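Colleague: Please take a close look at one helix of this model. Tell me which residues it hides, what covers them and how the segment ends. Then set it against the rest of the chain.

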Amino acid sequence: MPATLRSLLNRRELHLRPLTDADEHALDAPLSWLHSSDLEDPTPFLAEGQGLLTTGTQFGAEADVRDDVAEAYVRRLVDRGVVALGFGTEVVRAGTPDALVTACARNGLPLFEVPYETSFIAVAQANAEAVARDANARGAWALAAQRAISLAAMRPDGLGATIAELSRQLDGWVGLFDVSGRLDRGHPADGLPAADLDLLRTEALRLLRSGQRASLPVATDRGVGYTLQTLGSGGHLSGVLAIANGGALDRAGREVVTAVIALAGLALQQNRELARARGLLRTGLLTMLSVGEPEVVQATSREVWGPLPAEPVRIAAVDVPDHELDTVVDLLELWVQDRPGHLFFAVDDAVFLCVNADDTGIVAELVDRFDLRAGLSDGAAYRSFGR
């Protein structure tokens with residue numbers, strides 16, 4: 001049973017009695033610790049998410065507690081983030097003061113009565129045991145989740161299986177944005193509103209363009225929270241992982257996410273190594289096109305990437321700085337997959353793009369996105385490629 005006020009009230013041996021009508025959220029909020037204090041202002045010694053036990057000595061010897069005194073006391077506790085107040089009766093006062101009950105109800109602070117026969121130590125110990133059980137259970141969950149994610153990473157589509165397994169473990173949406181800012185994969189597939197997707201895509205692109213490793217919390221107009229985490233090393237980012245409500249993860253959840261980031265980064269790095277091998281093949285095909293052997297290049301390209309752009313074609317030579325070359329090549333690889341038959345490219349002393357003579361928008365899009373310079377040829381047949 002988790003460490004919450006509900007679980008504490010359900011411990012029959014403690015005989016605790018709720019005095020205010022707490023909503024479901026208040027009853028099920030984590031109760032990280034219980035302190036006891038009769039200070040007029042105990043807040044310097046309390047932390048957010050904790051509870052307080054008191055016998056009411058701070059309210060003086062009068063039978064009735066003034067409304068303004070009770071209100072100020074409760075207001076201080078609420079502002080500090082205290083989530084529950086327990087009042088020990090028959091120690092200093094007979095019963096719980098009405099003014100305190102009213103102030104707690106008005107400010108939404110759950111109040112419960114601790115009878116004389118139940119010691120504060122017993123109440124605090126019961127909560128501490130629940131906290132310890134929570135920690136052990138979350139630790140066991142984290143180990144089991146990391147094991148399941150590791151097994152998922154060994155499947156044929158390891159990256160997709162890893163994303164899906166993380167989504168199942170966290171019981172929420174998880175997505176991976178590629179270097180172009182496109183949602184490469186997400187789980188569950190239909191679990192994200194279009195407005196949220198647009199916002200996440202915009203923020204993911206901003207992180208990718210910065211080129212630095214970073215984590216960014218994002219909140220939508222509907223109040224839904226996400227966490228974006230870049231993948232890859234600084235200067236060579238390979239994507240962005242998005243997690244719904246990722247900012248609310250506890251330590252165990254963050255450990256699981258960290259494991260996924262490492263696995264996803266490794267998978268994307270392996271894809272990058274494969275892309276380098278494809279790059280060498282592209283350079284070889286570029287040479288063959290230049291010496292007038294388009295038939296061989298066409299057959300090879302069709303098997304690996306799809307057909308070459310239809311003739312007549314135009315050739316663009318793009319000047320790409322070294323520090324942006326990997327990012328540009330990753331993006332072009334994605335465009336080749338997304339637009340088969342519309343683009344062939346290779347890297348030699350520059351980045352060369354081959355497009356249909358009437359379809360130069362790809363060149364303009366690349367130049368605009370990275371603020372590059374390019375030279376563009378007239379339309380020609382592949383036999384004239386070298387010239």
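Modeller: First, a term: buried means under 20% relative accessible area, exposed means over 50%, and partly exposed lies in between (1.4 Å probe, protein chains only). The model is predicted, so local features need pLDDT of at least 70 and side-chain atom pairs count only at pLDDT 80 or more, while totals for chains, interfaces and linings use all residues. Residues are numbered from 1 along each chain as its sequence is written, and side-chain values use heavy atoms, with hydrogens and water left out.

I pick α11. This helix covers residues 361-370. Helices (H or I, at least four residues) and strands (E, at least two) are DSSP runs, numbered from the N terminus. Five names matter here: Ile 362, Val 363, Leu 366, Val 367 and Phe 370 are buried. They share one side of α11, because their arc around the axis is only 130°. That arc is taken over the directions from the helix axis to the C-beta atoms.

What covers this side? The cover includes two strands that come before the helix in numbering, β11 (313-319) and β13 (351-356). It also includes α10 (322-338) and β14 (373-376). Contact here means heavy atoms within 4.5 Å.

Now the end of the helix. Just after α11 comes Asp 371, with a positive phi of about 55°. Asp 371 is a residue other than glycine. Its place is the loop between α11 and β14. That strand is also part of the cover over the buried residues of α11. Asp 371 itself counts as exposed, because its relative accessibility is 70%.

One covering strand leads to another backbone detail. Pro 312 sits in the loop between α9 (294-304) and β11. The peptide bond from Glu 311 to Pro 312 is cis, with omega near -5°. A cis bond also joins His 187 to Pro 188, again with omega near -5°. Pro 188 lies in the loop between β7 (183-187) and α7 (194-210).

For a second case, take α4, residues 98-107. Its buried residues are Ala 99, Leu 100, Ala 103, Cys 104 and Asn 107. They lie on the same side of α4, since they cover an arc of only 130°. They pack against α3 (67-80), β4 (84-88) and β5 (111-114). The face turned away carries Asp 98, Ala 105 and Arg 106, which are exposed. Asp 98 reaches 64% relative accessibility. Its C-alpha lies 9.3 Å from that of Ala 70, although the two are 28 residues apart along the chain.

α4 is followed by Gly 108, with a positive phi near 70°. Before α4, the loop from β4 holds Glu 90. Glu 90 is not a glycine, yet its phi is positive, about 65°. It is partly exposed, at 46% relative accessible area.

Finally, the whole chain. The secondary structure comes to 11 helices and 14 strands. Of the 387 residues, 44% count as buried. Among contacts between residues at least 6 apart in sequence, 63% join residues at least 24 apart. The C-alpha trace spans about 105 × 40 × 30 Å along its principal axes. The radius of gyration is 31 Å, whereas a compact globule of 387 residues would have one near 21 Å. That radius is taken over C-alpha atoms, and the globule rule is 2.2 Å times the number of residues to the power 0.38.
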